[in-house]
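Subject: Structure handover

Hello,

I am handing over the structure we talked about. Please open it and keep it in view while you read the notes underneath.

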Amino acid sequence: MNPDLEKLHPYPFQKISELKKGVKAADKPLISLAIGEPKHATPKIILDALTENLTGIANYPLTKGSKELREAIANWLTNRFHLPANSLNPETNVIPVTGTREALFSFAQAVIDRKKNQATILMPNPFYQIYEGAAFLAGAKPVYLACTKETNFNPDFDTVSKQTWDDCQLIYLCSPGNPTGAVIPEEQIKQLLNLSEKHNFIIASDECYSEIYFDENNPPIGLLEVAAKQGNTDYKRCVVFHSLSKRSNAPGMRSGFVAGDAQILEKFLLYRTYHGCAMPPPTQAASIVAWQDENHVLDNRNQYREKFDAVLNLLSPVINVQMPDASFYLWADVGMDDKIFTQEIYKHENVNVVPGSYLSRTVDGNNPGENRIRMALVATLDECTEAANRIVNYVEKYR
Ligand SMILES: Cc1ncc(COP(=O)(O)O)c(C=O)c1O
C-alpha cells in the first residue's frame, strides 16, 4: 500500500462519532449544525435541466466539458469578479470539475514536484481537511498558517520564513473561509501575488463560499479579480475553485470548475484525462443553467441572512460569536474545551456541532480551533432558531 495513506488524519466527522460514543443524547429531536451540507431546496430550473437532458448519458463526456459550459463559466466569472473582457479564454482558462473537493485534491497531485527539496504546500489553519490530505498524498509537507482572532482569521503571510517561501510550490487559500467565514482582504491577496511572483509558487484559491454573503453591495473579492487589477491578466500562477454546491444548493450534483493560468490548467487537464473525472452530460447542461441565473442565488442569500439574524440575536448575549464576513458558518468562542462543549450540547440538548480543534492542527503547542465550535446554519430557520435556543439554555443552566 501507499505508505503516505498512513499520514491521513481521520475526518472530523469520524472523530465526532468517537467523541459521542457512549454518550446518550437528550430526548429531543436531533438538530445538526455540524455538516456543511446546504439544505435549501435545489432550484427547479436546475432539476428541470437535469431531467430534460438525461439522454446525454448515452455519450462519454469530454474531460474538458462542453464548450457551452466553459463559456457559461467564463461569462459568470468575468461578470462576478469584474475581469477584463475576454481575459478568460473558455478553451484554455476554464475546466469543469466534479465538485471542488476532488479538484482541490487532484490539483496538488498534478502540480507538485515531489523530487524537489522539501516540496511544501501552505494552507490555512483551521482548514478544509482535503488540503492536508492532498499535500500528504502528493508527497509534500503541509505548513499550517494560523488564522486566529489576532490575524482577523486570515493567514498572516509575514510570519512565513524566506526558506518556507522558497520551498513552497503551492498555497491553498480559502476565502470566504471554512470554518471562520473570513474573507481575505485585497491588500493581503496583493501581498501574496507579489510573493508568488518572487518565489514562483502557485496560488489555489478555494472560493466555493464566495456567493454566500450578506451585503449585496459588497460581495467577497476573488483572487483573479485582484490579479487582473495588478495587471496579471494572464492569471499567471493563479487558479480559483468554484462550486455549485453551496451557491446553488446542489451538493449532490457534483459540479464546479477551476479557472486561471492556462499553462497550469493544460497540465491539470492532462492529469484529469487519466484521473477520469469528466462531468456527466446532464450535469453539464444543468450547470449551464445554474451559472446563468442569479435569482436563485439571491434568494439563497436572503434565507441565510434571516437565519444569521435570528441565531446571532439569541447567541451573542451568552457566547462570544460574531457575524462572519461571509459563508454559512459561525465560528464561536465557547470559552471552554470545545470537545467537552460538543459532547455536552449533544447530551443535554441533542444539537450537533463541530469542535474547532478537529478542524485545526496544533503547531508549536497552539491549536487555533481550541475553545471554538463551528456551527453551519444550513437547517431551516425554525431548526436553527431552536438549536440556538437550546444552546442558550445549556450555557445558562450548566456553565
Ligand atoms: C472549503 C471547502 N472547499 C471545498 C468544499 C467541497 O465542495 P464541493 O466538492 O461540493 O464543491 C467544501 C465542502 O464542504 C468546503 O467547505
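The notes below cover the ligand, the pockets, the cavities and a few points on the backbone. Please keep in mind that this is a predicted model.

The ligand and its surroundings

Start with the ligand, which sits in the largest pocket. It is surrounded by 15 residues, and the closest of these are Thr100, Asp206, Ser243, Ser245 and Arg254. If you sort the surrounding residues by class, you get six nonpolar, five polar and four charged.

Which elements give two or more residues to this shell? They are α4, which covers 100–111, and α9, which covers 244–247. The largest share, three residues, comes from α4.

Three of the side chains are worth displaying together with the ligand. Serine 243 places a polar side-chain atom 2.7 Å from an oxygen atom of the ligand. Serine 245 also has a polar side-chain atom by an oxygen atom of the ligand, here at 2.6 Å. For arginine 254, an N or O atom in the side chain is 2.7 Å from a ligand oxygen atom. As for how covered the ligand is, it would expose 390 Å² if taken alone, and the protein buries 92% of that area.

The pockets

The largest pocket, where the ligand sits, holds about 530 Å³ of space. It is lined by 29 residues, and those closest to its centre are Tyr11, Gly36, Arg101, Tyr128 and Lys246. Three elements each give two or more residues to this lining, namely α1 (12–20), α4 and α9. The element that gives the most is α4, with three residues. By class, the lining divides into 16 nonpolar, seven polar and six charged residues. Helix α4 therefore deserves a look in both lists, but please treat the shell around the ligand and the lining of the pocket as two separate lists.The second largest pocket has a volume of about 350 Å³. Its lining is made up of 17 residues, with Tyr144, Leu145, Ala146, Thr159 and Val363 closest to the centre. Strand β4, residues 141–146, gives the largest share of this lining, four residues. The classes here are seven nonpolar, eight polar and two charged.

The cavities

How many cavities of 30 Å³ or more are there? The count comes to two.

The largest cavity contains about 80 Å³ of space. Of its 13 lining residues, Pro124, Cys147, Phe153, Cys174 and Thr180 are the closest to its centre. The lining has nine nonpolar and four polar residues, and no charged ones.

The second largest cavity has a volume of about 40 Å³. The residues that line this cavity are Leu173, Ser175, Ile184, Ile189, Ser205, Glu207, Ile221, Gly222 and Leu223. Five of them are nonpolar, three are polar and one is charged.

Points on the backbone

As background, most peptide bonds are trans, and most residues other than glycine have a negative phi. The following places depart from that pattern.

The peptide bond from asparagine 125 to proline 126 is cis, with omega near 10 degrees. Proline 126 is found in the loop between β3 (120–125) and α5 (130–137).

There is also a cis peptide bond from asparagine 178 to proline 179, where omega is near 15 degrees. Proline 179 belongs to the loop between β5 (168–174) and α7 (186–199).

What is the sign of phi at asparagine 152, positive or negative? It is positive, near 55 degrees, in a residue other than glycine. Asparagine 152 is in the loop between β4 and α6 (162–167).

Those are the notes for this structure.

Regards

How values were computed: Residues are numbered from 1 along each chain as its sequence is written. This is a predicted model: local features need pLDDT of at least 70, side-chain atom pairs count only at pLDDT 80 or more; totals for chains, interfaces and linings use all residues. Side-chain values use heavy atoms; hydrogens and water are left out. A residue is near a molecule or strand if one of its heavy atoms lies within 4 Å of it. A polar contact is a pair of N or O atoms within 3.5 Å; within protein, one must be able to donate a hydrogen and the other to accept it, and residues adjacent in sequence count only if both atoms are side-chain atoms. Accessible areas come from the Shrake-Rupley method with a 1.4 Å probe; for residues, only the protein chains shown count as cover. On a 1 Å grid over the protein atoms alone, a cavity is a set of points where a 1.4 Å probe fits but cannot get out, and a pocket is an open set with protein on both sides within 12 Å along at least five of seven lines; lining residues have an atom within 4 Å of a point. A molecule sits in a cavity or pocket if more than half of its atoms lie within 2 Å of its grid points. Ala, Val, Leu, Ile, Met, Phe, Trp, Tyr, Cys and Pro count as nonpolar, Asp, Glu, Lys and Arg as charged, and the others, Gly among them, as polar. Grid points are joined across faces, edges and corners, and a volume is the space filled by probe spheres set on the points.
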